[in-house]
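Open the model in your viewer and keep a selection box handy. We will go from one stop to the next, and each stop tells you what to select and what is there.

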Amino acid sequence: MRGLVRAALSAVRPVDVVPSPNIWHWPDTYEVENHAQDVDGAIWRALRAACDWAGRDVVDVGCGDGFHLPVFAATARHVTGVEPHHPLVRRARQRVSDLANVRVLAGPAQRLPLPDSSADLVHARTAYFFGPGCEPGLAEAERVLRPGGTLAIVDLDAAAPPYGPWLRADLPQYDPDEVEGFFADNGFSLTRVTTLWRFERRADLEAVLRIEFSAPVAERAIAEITGLSFPVSYRLHVRRKPTGLILL
């Protein structure tokens with residue numbers, strides 16, 4: 001995805017906010033994409049198994065236009081979406097305007113507008129946390145988590161076909177093994193999750209692929225996919241904050 005391409009490139013130089021051209025420039029098409037992603041709920045099942053948020057306080061970092069916030073809000077005590085792009089902040093606030101236990105704040109992952117020890121789960125899905133270079137965001141997540149709280153990062157598995165090869169064609173310097181090693185070295189467990197993307201219309205599928213990839217790669221992907229669905233694999237990285245002192 002183009003947002004991932006730019007985020008991965010950001011590791012070579014400090015930046016404050018890395019644009020996500022897909023949702024920033026085509027939010028309506030990205031809404032179609034969100035509805036098509038993980039239609040069987042595999043990611044949600046893996047997340048709940050790793051860190052059930054029922055009755056707890058959740059922070060969704062890089063929440064975009066708030067698509068996932070109502071799912072958390074259904075059982076969480078309180079949900080905070082954090083998003084750096086102000087047009088998306090406005091869209092997210094409109095989406096959750098009737099949910100009393102949800103708020104949306106403007107801010108980047110590396111400066112979360114939240115107090116210390118205020119969350120039980122910090123969640124980020126295909127946003128900011130793409131391996132080396134995201135250390136400031138990891139530190140911020142650790143700051144806002146309560147002892148025993150969980151940081152859960154959902155990222156695309158760039159090693160798994162068919163999506164992974166398309167992604168790497170647009171970003172050949174992206175090394176999935178290096179990224180996995182980075183998270184392992186920083187104390188995260190890894191769960192691989194295979195999902196199904198399913199669209200109602202072929203035109204929607206093609207439009208989504210065209211906002212996620214460069215024109216040549218998008219056309220290649222469109223040619224490779226027949227029908228209205230295809231599998232997409234993800235990595236769920238999970239790390240828990242210690243509940244007490246760690247003696248070295």
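Start in the middle: the largest nonpolar core has 70 residues, and those with the most contacts inside it are Leu 47, Val 122, Tyr 163, Trp 166 and Phe 230. Keep in mind as you look around that this is a predicted model.

**First stop: Phe 230**

Select Phe 230 and show what surrounds it. Beyond its neighbours within four places in sequence, Phe 230 is in contact with ten residues you can pick out by name: Pro 162, Tyr 163, Trp 166, Thr 195, Leu 196, Trp 197, Phe 199, Leu 205, Leu 209 and Ile 225. Several of the aromatic residues here belong together, since ring pairs link Tyr 163, Trp 166, Trp 197, Phe 199, Phe 213 and Phe 230 into a cluster.

**Second stop: the rings around Phe 213**

Across the structure there are 13 aromatic pairs. For one of them, select Tyr 163 and Phe 213: this pair is tilted, with 5.0 Å centre to centre and 55° between the planes. The two rings bring together distant parts of the chain, as Tyr 163 sits in helix H8 (residues 163-170) and Phe 213 in the loop between H10 and helix H11 (215-224), 50 residues apart. Are these two residues buried or exposed? Both Tyr 163 and Phe 213 are buried.

Now add Trp 166, which forms an edge-to-face pair with Phe 213, at 6.0 Å centre to centre and 80° between the planes. Here too the pair links distant parts of the chain: Trp 166 is in helix H8 and Phe 213 in the loop between H10 and H11, 47 residues apart. Trp 166 is buried at a relative accessible area of 0%, and Phe 213 is buried at 1%.

Just before helix H8, look at the backbone. The peptide bond from Pro 161 to Pro 162 is cis, with omega near 0°, and Pro 162 lies in the loop between S5 and H8.

**Third stop: helix H10**

Select residues 202-212, which make up helix H10, and colour its buried residues: Asp 204, Leu 205, Val 208, Leu 209, Ile 211 and Glu 212. They cover an arc of only 165° around the axis, so they are on the same side of H10.

**Fourth stop: strand S7**

Move to strand S7 (residues 229-240), where nine of the twelve residues are buried. Strand S5 (residues 145-156) runs antiparallel to S7 and is joined to it by seven bridges; among the residues to find there is Leu 151, whose bridge partner in S7 is Arg 239. Strand S6 (residues 189-198) is also antiparallel to S7, with ten bridges between them. To see that pairing, select Val 193, which stands opposite Tyr 234 in S7.

**Fifth stop: the loop between S4 and H7**

Thr 126 is in the loop between strand S4 (119-125) and helix H7 (135-144). Although not a glycine, Thr 126 has a positive phi of about 45°. In the same loop between S4 and H7 you will find Tyr 128, another non-glycine residue with positive phi, near 70°. Thr 126 is buried at 17% relative accessible area, while Tyr 128 is partly exposed at 25%.

**Last stop: the cysteines**

How many disulfides does a search of the whole structure find? It finds zero. Select Cys 63 to see why: its sulfur is 17 Å from the closest cysteine sulfur, in Cys 51, which is too far for a bond. The sulfur of Cys 134 also has its closest cysteine sulfur in Cys 51, at 17 Å, again too far for a bond. Cys 63 is buried, at 6% relative accessible area, and Cys 134 is buried at 2%.

How values were computed:
Residues are numbered from 1 along each chain as its sequence is written. This is a predicted model: local features need pLDDT of at least 70, side-chain atom pairs count only at pLDDT 80 or more; totals for chains, interfaces and linings use all residues. Side-chain values use heavy atoms; hydrogens and water are left out. A disulfide is a pair of cysteine sulfur atoms within 2.5 Å. Buried means under 20% relative accessible area, exposed over 50%, partly exposed in between (1.4 Å probe, protein chains only). A nonpolar core is a set of buried Ala, Val, Leu, Ile, Met, Phe, Trp, Tyr and Cys residues joined through side-chain atoms within 4.5 Å. Contact means heavy atoms within 4.5 Å. Helices (H or I, at least four residues) and strands (E, at least two) are DSSP runs, numbered from the N terminus. The arc is that of the directions from the helix axis to the C-beta atoms. Two strands pair if DSSP finds at least two bridges between them. Rings of Phe, Tyr and Trp (its six-membered ring) pair if their centres lie within 6.5 Å; planes under 30 degrees apart count as stacked, over 60 as edge-to-face and the rest as tilted.
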